[in-house]
Amino acid sequence: MEKLGLDPGVVARARALAAEAGAPVVELARSHTTVSVERAVLRLAGVRGADSDGIPWVNRLVDAVRADVGLGHGVSVPVFAAMAREGIDDVTVLAQKAAAGAVTFGVPAKKVELVAARRAATRAANVGLKVVDRRRVERERLIKRFGDAPRRPWIYLIVATGDIYEDIPQAQAAARAGADVIAVIRSTGQSLLDYVPEGATREGFAGTYATQENFRLMRAALDETSKELGRYVRLTNYASGLCMPEMAAMAGMERLDMMLNDSMYGILFRDINPIRTFVDQRFSRQVHARAGIIINTGEDNYLTTADAVEAAHTVTVSQLMNEFFAHEAGLEDWQLGLGHAFEINPEVPESFRLELAHALLARELFPDAPLKWMPPTKHMTGDVFRGNLLDGFFNLVGALTGQGILLVGMMTEAVVTPWLSDRDIALQNVRYVLNGAGNLHEDFVPAPGGFIQRRAHEVLGEAVELLERIVADSMLTAIADGTFGIMKRPADRGKGLDGVARHDGDYFNPVTNALEGLR
Amino acid sequence: MSIVRPYGDTTGDGMVQVSFTLPVTHDKRAEGAAIQLANKMGLDPAMLVHAKPMGEGFTFFVVYGRVTHLVDTEKVQVVERDYPLLSAKDVNAVIKRKLRRRLSVVGACIGTDAHTVGIDAILNVKGIAGEKGLEYYRELAVTNMGAQVSVPELVETARAQKADAVLVSQVVTQRDAHLQNTRAMTAAFREAMPAGKRPLLIVGGPRFDELMAAELGVDRIFGRGTTPREVASYLVHALLGDQK
């Protein structure tokens with residue numbers, strides 16, 4: 001569309017800087033593993049279930065291996081060498097024995113045994129990856145059979161009761177009311193749990209625990225509804241927090257369609273260790289790439305903690321970084337739901353024009369990405385009447401700038417979790433705008449050299465400057481110094497650091513090998 | 001005049017507007033049911049202005065009507081601000097003169113609450129509503145621990161930072177989590193530190209009842225719409241007595 005007259009040289013420079021800033025981080029991610037990466041490998045290799053205290057067997061097994069030989073070799077070889085030695089053919093049974101202290105782990109000294117263990121691990125991991133592949137094909141088939149969402153943007157609605165059995169009818173009702181995408185918000189505590197809860201859950205705080213069984217139940221329910229409605233309803237959850245890699249693996253195995261997965265959100269907003277996050281993130285994105293899952297990044301969060309005008313360029317920088325990390329991990333443009341949000345204070349003069357400029361900038365920088373457009377939250381005051389108006393303008397910007405995924409704004413944001421009527425009124429708002437102005441982008445061209453173009457150029461310019469600083473300081477230093485948001489997050493602090501290990505020379509991970517096309 | 005009535009467009013008309021959903025399919029009977037509810041709520045006459053089916057078996061209503069209730073403003077109970085509102089400059093000056101060191105403030109969202117919006121609005125330099133946050137005050141040493149901080153971590157940090165005041169924000173209120181978390185927090189501080197050595201304990205959040213301070217064991221509760229300046233002024237008032 002090219003409505004902003006962006007200088008291709010500046011755009012190319014921004015991308016080159018993002019790549020330069022990101023390269024050392026990728027190197028870090030390639031040379032480290034984490035407990036959660038190893039647990040994800042074991043999940044794909046077939047470890048299932050949890051002990052009587054609800055601690056998953058993958059946690060027990062990784063902890064046992066780690067106690068004997070550390071994480072630096074990866075757990076796959078020690079685990080599959082032990083299977084051969086003990087004559088066990090079910091890896092969950094091995095986990096149970098290991099938890100009882102009946103197995104010791106090591107890396108075989110004999111080459112034959114080492115090769116055999118690697119081969120067995122690769123075979124087991126491939127079984128899990130085949131499930132992921134089958135699920136991807138199944139999604140494509142169902143979209144063909146039921147039909148796809150009737151238009152862009154996809155309408156994205158949230159359910160969050162804490163009880164999966166309450167969530168299901170709510171999600172089905174939301175889909176019938178017009179939602180193309182259902183997101184099940186997680187319980188607030190989950191991102192900092194270093195294990196994934198097991199089974200169907202009926203209690204949560206401001207959300208529902210993400211478990212493999214909950215994923216399965218919701219996907220099955222939405223498949224029914226998709227059939228009934230004649231359009232495939234997508235399901236979203238979160239690959240974030242301390243168990244990001246496992247969430248990605250579970251999502252792939254249960255055919256979730258989109259996952260929230262940001263490169264820096266956990267660091268900045270959850271105080272998770274930066275190295276842990278980058279390692280986990282790379283692995284999870286490789287899995288998403290394989291599974292055909294669309295990621296949603298979290299740039300909206302910058303704008304809720306900082307001023308949306310002053311910090312506009314940090315969104316652009318984060319989008320560029322997210323794009324770089326995503327491409328590096330094998331994701332394609334159609335899988336990049338890069339985030340941004342309508343969070344400028346409505347009292348600011350020309351706030352709507354500024355929003356338009358920022359949204360259009362994102363659209364033109366990433367023409368092939370299905371951008372995720374997030375509604376106002378920070379300036380929703382409890383005045384539901386004004387909130388509904390703001391949401392209308394938010395929807396209008398979405399229509400005018402061709403956003404791919406539109407999270408439906410609720411005028412009761414900051415008041416209550418959405419009521420049935422709130423959702424209906426919010427959807428009515430979306431429908432009105434999309435029916436009345438859905439194609440307005442065909443006519444809307446900002447004046448050359450006018451306010452919107454100038455603002456977009458200004459934000460891009462500031463983004464380039466910030467990227468230059470990040471390259472000069474290094475990404476980890478920039479994060480440590482509070483460059484993103486106001487939070488300072490040094491690389492040697494934060495939650496989950498003790499679950500990170502540098503690769504030893506013989507590190508082996510059959511899933512990464514398969515995802516990177518290695519043998 | 002302490003007796004008032006709601007105001008639509010004429011003094012004393014008592015007009016209010018309400019909206020609600022009933023779990024019934026939309027028909028004449030449903031509309032009658034909505035009027036019946038409005039009547040029971042004290043709207044008489046009640047005017048049904050909008051009824052719309054929502055999903056299967058639900059109808060949304062908007063009702064206007066006259067209420068007969070009187071409100072006595074003399075009988076309203078609230079926590080009035082009982083301290084003077086100071087500028088940032090004055091706050092700094094009082095601390096400098098009376099304390100002769102920086103006043104240490106530790107803030108956090110405790111429990112599983114991940115919403116830092118409240119604590120950030122009060123603490124971050126950025127502040128809220130055009131007012132800078134406490135980090136901007138030269139004489140305040142602010143430690144913002146962020147979200148999902150455990151109570152033991154908070155007590156430990158308060159001790160390490162020699163906190164004069166601890167600010168806790170709670171946004172999530174599902175199953176009264178904000179009340180349970182606050183009680184756990186105050187109990188931990190009571191256990192860890194003797195009365196004279198405890199920092200001032202303050203909680204804030206949109207759903208707190210400002211009258212519950214004693215019951216929750218905190219020194220002060222701040223509700224919706226509190227600004228950093230109010231908190232700073234309160235800190236000076238409560239810890240250093242009245243200035244001058």
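In chain B of this predicted model, strand E3 (residues 43-53) pairs with E4(B) in the antiparallel sense, and eight bridges connect the two. Within this pairing, Leu48(B) stands opposite Val63(B) of E4(B). The two strands form a hairpin with five residues between them, and Gly55(B), located in the turn, adopts a positive phi of about 65°. E4(B) is also joined to E2(B), again by eight bridges, and these strands run antiparallel. Here Val16(B) has Gly65(B) in E4(B) as its bridge partner. In a regular strand, the side chains alternate between the two faces of the sheet.

Strand E3 of chain B also contains Pro45(B). The peptide bond leading from Asp44(B) to Pro45(B) is cis, with omega near 0°. Confidence in chain B is expressed by a mean pLDDT of 90, with 97% of its residues reaching 70 or more. For the model, ipTM is 0.83 and pTM is 0.86.

The contact between the chains involves 18 residues of chain B and 18 residues of chain A. On the side of chain B that touches chain A, eight residues are nonpolar, seven are polar and three are charged. Strands E2 (15-22) and E4 (59-67) of chain B are among the elements that cover the buried residues of H16(A). Chain A itself contributes to this cover, including strand E2 (154-159), helix H7 (164-176), helix H15 (384-400) and strand E10 (405-407).

Helix H16 of chain A comprises 18 residues (residues 420-437), and its end C-alpha atoms lie 26 Å apart, in agreement with the 26 Å expected at 1.5 Å a residue. Its buried residues include the run Ser421(A), Asp422(A), Arg423(A), Asp424(A), Ile425(A) and Ala426(A). Further along the helix, Asn429(A), Val430(A), Val433(A) and Leu434(A) are likewise buried. An α-helix has 3.6 residues a turn, so residues three or four places apart point the same way.

Chain A is assigned two domains, domain 1 (32-125) and domain 2 (151-454). The C-alpha centres of these domains of chain A are separated by 36 Å. Contact between them engages 15 residues of domain 1 of chain A and 17 residues of domain 2 of chain A. On the domain 1 side, strand E1 (32-34) and helix H2 (35-44) of chain A are the elements that give two or more residues. H2(A) gives the most to this side, with six residues. By class, the side of domain 1 of chain A that touches domain 2 of chain A has six nonpolar, seven polar and two charged residues.

Several backbone features remain to be described. Most residues other than glycine have a negative phi, and most peptide bonds are trans. In chain A, a cis peptide bond links Arg152(A) to Pro153(A), with omega of about -10°. Pro153(A) is placed in the loop between helix H6 (111-146) and E2 of chain A. Glu350(A), although not a glycine, has a positive phi of about 65°. Glu350(A) belongs to the loop between strand E8 (339-341) and helix H14 (351-365) of chain A, and is partly exposed, with 14 other C-beta atoms within 10 Å. In chain B, Arg100(B) is not a glycine, yet has a positive phi of about 60°. The loop that holds Arg100(B) lies between helix H2 (88-98) and strand E6 (103-109) of chain B. Arg100(B) is exposed, because 7 other C-beta atoms lie within 10 Å.

Notes
Residues are numbered from 1 along each chain as its sequence is written. Chains are lettered from A and ligands numbered from 1 in the order in which they are written. This is a predicted model: local features need pLDDT of at least 70, side-chain atom pairs count only at pLDDT 80 or more; totals for chains, interfaces and linings use all residues. Two residues are in contact if their C-beta atoms, placed from the backbone, lie within 7 Å. Ala, Val, Leu, Ile, Met, Phe, Trp, Tyr, Cys and Pro count as nonpolar, Asp, Glu, Lys and Arg as charged, and the others, Gly among them, as polar. Helices (H or I, at least four residues) and strands (E, at least two) are DSSP runs, numbered from the N terminus. The expected span of a helix is 1.5 Å times one less than its number of residues. A residue is buried if 20 or more other C-beta atoms lie within 10 Å of its own, exposed if 12 or fewer, and partly exposed in between; C-beta atoms are placed from the backbone. pLDDT is the predictor's confidence in each residue, from 0 to 100. Two strands pair if DSSP finds at least two bridges between them. Domain bounds come from an automatic or database domain assignment.
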